[in-house]
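Here are some notes for a colleague who is opening this structure for the first time. Please keep the model in view while going through the points below.

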Amino acid sequence: MAFPNAFLDEITARTDMIALVSLYTQPARKGTRWFARCPFHSEKTPSFSITPESGLFYCFGCQAGGGPIQFVMRAENLEFTDAVKLLAERLGLEVPEDGETGLRVRRERLIDINRMAARWFYETLGGAEGKPCADYMQSRGIRPDTARRFGLGYAPPRWEGIIAALSKQGVSTDELFAAGLVSRNRRGGVSDAFYDRLMFPIFDLRGLVAGFSGRALGDATPKYKNSAESPVYKKRDILYGAHIARKTARPYWILVEGNIDAFMLHQAGFDNAVATCGTALTDTQARLIARHTGELVLAYDSDEAGLKATQKAVVLCEAAGTRARVLNLRGAKDPDDFIQAHGAAGFEKLLAESQNHIEYRLSLLESQNQLGGDAGKLDYLRGATALLAALPNRGERELYAMRVAAKLGIDSKAVSRDVETASRKRVRAADKAYETKLVRPSARDTVTAAQSAAEMALALLLRFPELETSLTADDFETEAHKRLFENRSAPLSGDAAPLYAELMARYETLPNTAVALRDCERRMKSQSVPEDGEDSLMAKYRGYKETKTKEGGWL
């Protein structure tokens, strides 16, 4: 059952959007609105707008939008019901009894099923059937006490082990599918998803089992297999070990590729290690890290794939506001190998020698060019100039420009001038792109004349509900427009909330006139709209914004 609209309206009205957004990014006033770098995608030029008086946000870059509920849903990766309850708790509001839905119950059930599965894997590891896995763990140097702390277990070489075990506890096959614990086999039947694997429970930030990662004991492929995506487990949003790292006393986190690397670092005393479970860092994970620490040490594998992943992670960390340092795993493929060879003291020394992301990228640039010849020096200089021009702090640009100049044996003032010139060009280009994005984002270039008229009609009806209209839902071309028109009395309560926020952000000033609405209606219903109809309509709107003429001036 849905929440009462009055209750949702109260949450929107009482939430301080600037204070809420400030928990994830830093907004600043620009004109009548506030802008910030979007917390939902990587960007350097702020395109995330907040209108505090209406409780709305909209990103002109990634098109995310809505009110405080939609913001919390995205920021905390929550379902609608959970986001409402979180905001209500913060505001001290009592949630209406009829506000509960099946979504929360389903999530809690999946968490409970995962807990039961983790217990069965753990008990299997400790029994006779788990001896091969226990022997493997001993060969890898995994201590029993650390294994217990992380709840490691074993999925035996049986195709219906978890099915039989959990069915006795009242878990249905459909629920096992939903939790990602079973899959269809070649014959169309149902089999365990994990077979003969060392099992790593993957905990969410609350310490609840969200999913699993299984490491093959033999030569099976893939070497690591993760749970299928579910309402409680989304691989791009979660970090292995983060539930422990968030409580570390160390001032930074260590990011590694695999969960066994993170596990071995924890065993060696580095309780600030987290892993992306074999995938490249995502922007969602980068923002999660930024919420808990201001500094991250990247300790990816030293192979080519690891180097590429490191470069991408550096950019994401920088965009999220986290300082990134890079570890050079000399003489080892991954952190686990290094720990095995040099121990915790050796890894601690390596951490102290890690490079900040600028030093790392400059050293990488140097390794890619032969500085013994003029051509290599020029290529290095061009790459370094572009790299340093992107740094926001002028002092940093000058400091590293001096180092580049010293490396090449040339005048540091000349390098600094080139860097500053390139930096100014970047700023101008970014400002131009920003202004263009506000007028018409590239994703909307194909909008039709009728759709443009429909958007403006919706914006008018939403801003001025007293206006009368002859429109019906059937007059709108897109499903999103239809839903918003039908739900315009409570636009933030449904899935059309992002479109509502977008229209309120794009059409910031509108004429409160029936004439303007009639013009939009005529364009929507016309069978022969000129190809440039969208442009002429937008021109009228922009002209209205500039002159703010009276009603007759709209046409």
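1. Please bear in mind throughout that this is a predicted model. A good place to begin is a pair of rings, since both phenylalanine 40 and phenylalanine 71 are buried.

2. Counting ring pairs over the model gives 20 aromatic pairs. Among them is the one formed by phenylalanine 40 and phenylalanine 71, whose ring centres are 5.4 Å apart and whose planes make an angle of 55°, so that the pair counts as tilted, neither under 30 degrees nor over 60. This pair links distant parts of the chain, with phenylalanine 40 in the loop between strand 2 (33–36) and strand 3 (48–51) and phenylalanine 71 in helix 3 (residues 68–76), 31 residues apart.

3. The two rings also belong to a wider group, for Phe40 and Phe71 form one aromatic cluster together with Tyr24, Phe48 and Phe57.

4. Charged side chains meet rings at two places worth inspecting. The charged end of arginine 215 sits over the ring of tyrosine 224, 5.9 Å from its centre, while arginine 325 lies over the face of tyrosine 252, at 5.1 Å from the ring centre.

5. Further along, the axes of helix 19 (residues 449–463) and helix 21 (residues 497–506) come within 10 Å and cross at roughly 90°, and the two helices are therefore roughly perpendicular to each other. Helix 19 contributes Glu455, Leu458, Ala459, Leu462 and Arg463 to the contact, and helix 21 contributes Tyr500, Leu503 and Met504. Sorted by character, the residues of this contact comprise 6 nonpolar and 2 charged, with no polar ones.

Conventions. Residues are numbered from 1 along each chain as its sequence is written. This is a predicted model: local features need pLDDT of at least 70, side-chain atom pairs count only at pLDDT 80 or more; totals for chains, interfaces and linings use all residues. Side-chain values use heavy atoms; hydrogens and water are left out. Rings of Phe, Tyr and Trp (its six-membered ring) pair if their centres lie within 6.5 Å; planes under 30 degrees apart count as stacked, over 60 as edge-to-face and the rest as tilted. Helices (H or I, at least four residues) and strands (E, at least two) are DSSP runs, numbered from the N terminus. Buried means under 20% relative accessible area, exposed over 50%, partly exposed in between (1.4 Å probe, protein chains only). A charge sits over a ring if NZ of Lys or CZ of Arg is within 6 Å of the ring centre and within 35 degrees of the ring normal. Axes are lines fitted to C-alpha atoms, for helices over the stretch in contact, and angles run from 0 to 180 degrees between N-to-C directions. Angles under 35 degrees count as roughly parallel, over 145 as roughly antiparallel, 65 to 115 as roughly perpendicular and the rest as oblique. Contact means heavy atoms within 4.5 Å. Ala, Val, Leu, Ile, Met, Phe, Trp, Tyr, Cys and Pro count as nonpolar, Asp, Glu, Lys and Arg as charged, and the others, Gly among them, as polar.
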